[in-house]
Amino acid sequence: MCYNKSSMKSLKNKTKKISFRIGLTLGLEIVTLLFVLILFIGGTMRKSLRDEYVNSAMALVRSGVKIMNQRNSRSTQQLRLYTLSDLALSNEFSTERVAEWLVQHRKLRYQDFQRLFYVDIETGMAYSDEGDVFSVKNTEYFTRIKEGNLSQYISNPVGTSAADAVFYVCKSINKNKKMMGFFCAEINHATLAKALVDIKIDGEGVTLLLTEDGTSAIHPVEEMQMKANFVKDDYGFRGGA
């Protein structure tokens, strides 16, 4: 078969066009594959970071729940010695009898409790196992329990520094579906802090205890306890969870 110069030139041009189209198609396919690969890698990395964050958050929650449940359980279990006592369950229950009973059973007080007392919900008067009588009507924990009709409550820290701050653990007494009062135990800051600061979250994280307004009630750095506020102050992660 013979080709003239014109035919040869036309064939070369067609070959070039086909080669160009093939090269362009391959190039587009390669770019597309690279884009898909980047998206895949990015998605994988985001998923990995997301999973890492979720796992850390879950570890935080599990540790927090475990810590607070242990402390809460230990304290509230001790208060059940009072709320489930024969006197508390009897039909002869009265504030006067509880006040007398507490003094007689002072040795029942758990070692973590600095003070233990019963509060009459109607008057706000407290009767301690040492025989003291005083008013708690204006305290945060009295207001919370009475207005919320709560069965138990752990207060915000009361005090100006780690040296004098205390927490109040309370458990109520009900008769005929009516709250009569509550037993309340006072725990100092050092006792609660000791139970928390040495616990690591997921091997690395630390445990903090914040009050409702964001104040660091318990922190591994002693200088920040009862001083730093993670809501009002800027620590580089304000608003973080």
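A residue is called buried here when its relative accessible area is under 20%, and exposed when that area is over 50%. By this criterion, and in what is a predicted model, helix H3 (residues 95-104) carries the buried residues Thr95, Val98, Ala99, Trp101 and Leu102. Viewed along the axis of H3, these buried residues fall within an arc of 165°, so they line one face of the helix. The face turned away from that buried side bears the exposed residues Glu96, Glu100 and Gln104. Such a pattern can be read against the general geometry of the α-helix, which has 3.6 residues a turn, so that residues three or four places apart point the same way.

The strands are arranged in an open sheet of six, in the order E3-E2-E1-E6-E5-E4, with antiparallel pairing. Strand E3 (133-135) and strand E4 (152-154) stand at the edges, and because each has a single partner strand, one side of each is left without a neighbour in the sheet. On average, and with direction ignored, neighbouring strands of this sheet are turned by 25° against each other. At one edge, E3 is joined to strand E2 (residues 125-128) by three bridges in the antiparallel sense, and Tyr127 has Val133 of E3 as its bridge partner. Helix H3 packs on this sheet, where it touches strand E1 (115-120), E2 and E6, and its direction makes about 170° with that of E1. Helix H4 (residues 140-148) also packs on the sheet, touching E1, E4, E5 and E6, with a direction that makes about 150° with that of E6.

At the other edge, E4 and E5 pair in the antiparallel sense over three bridges, and Tyr153 stands opposite Cys170 in E5. Strand E5 is mostly covered, since nine of its ten residues are buried. Ten bridges join E5 to E6, and these two strands run antiparallel; within this pairing, Asn174 stands opposite Met179 in E6.

The hairpin of E5 and E6 has two residues between the strands. Asn176 is found in this loop, which connects strand E5 (166-175) to strand E6 (178-188), and Lys177 is found in the loop between E5 and E6 as well. Most residues other than glycine have a negative phi. Asn176, although not a glycine, has a positive phi of about 55°, and Lys177, also not a glycine, has a positive phi of about 65°. Asn176 counts as exposed because its relative accessibility is 79%, above the cut-off of 50%, and Lys177 is likewise exposed, with a relative accessible area of 86%.

Nonpolar side chains tend to be buried together in soluble globular proteins. In this model, the largest nonpolar core holds 17 residues, of which Leu79, Tyr82, Val98, Leu102, Phe113, Leu116 and Phe183 touch the most other members. Helix H1 (5-83), H2, H3, E1, E5 and E6 each supply at least two residues of this core. When neighbours within four places in sequence are left aside, Phe183 is in contact with Leu79, Tyr82, Thr83, Val98, Leu102, Phe117, Tyr118, Val169, Cys170, Lys171 and Ile173. A second, separate core of 16 residues includes Val119, Tyr153, Cys170 and Met179.

Aromatic residues were examined as well. The structure holds ten aromatic pairs, among them the edge-to-face pair of Phe93 and Tyr118, with 5.9 Å from centre to centre and 80° between the planes. Phe93 lies in the loop between helix H2 (86-89) and H3, whereas Tyr118 belongs to strand E1, so the pair ties together parts that are 25 residues apart in sequence. Phe93 and Tyr118 are both buried. In addition, Phe117, Phe134, Tyr141, Phe142, Tyr168 and Phe182 form one aromatic cluster.

Helix H5 (residues 189-196) includes Leu192. With a relative accessible area of 7%, which is under the cut-off of 20%, Leu192 is buried. The C-alpha atoms of Leu192 and Val166 are separated by 9.0 Å, although the two residues are 26 residues apart along the chain.

Key:
Residues numbered from 1 in each chain as written. Predicted model: local features only at pLDDT ≥ 70, side-chain atom pairs only at ≥ 80, totals over all residues. Heavy atoms only, no water. Helix = DSSP H or I, 4+ residues; strand = E, 2+ residues; numbered from the N terminus. Buried < 20%, exposed > 50% of the residue type's maximum accessible area, 1.4 Å probe, protein only. Pairing = 2+ DSSP bridges. Axes fitted to C-alpha atoms, helices over the stretch in contact; angles between N-to-C directions. Contact = heavy atoms within 4.5 Å. Phe/Tyr/Trp six-rings, centres within 6.5 Å; stacked < 30°, edge-to-face > 60°. Arc of directions from axis to C-beta. Core = buried A, V, L, I, M, F, W, Y, C linked by side-chain atoms within 4.5 Å.
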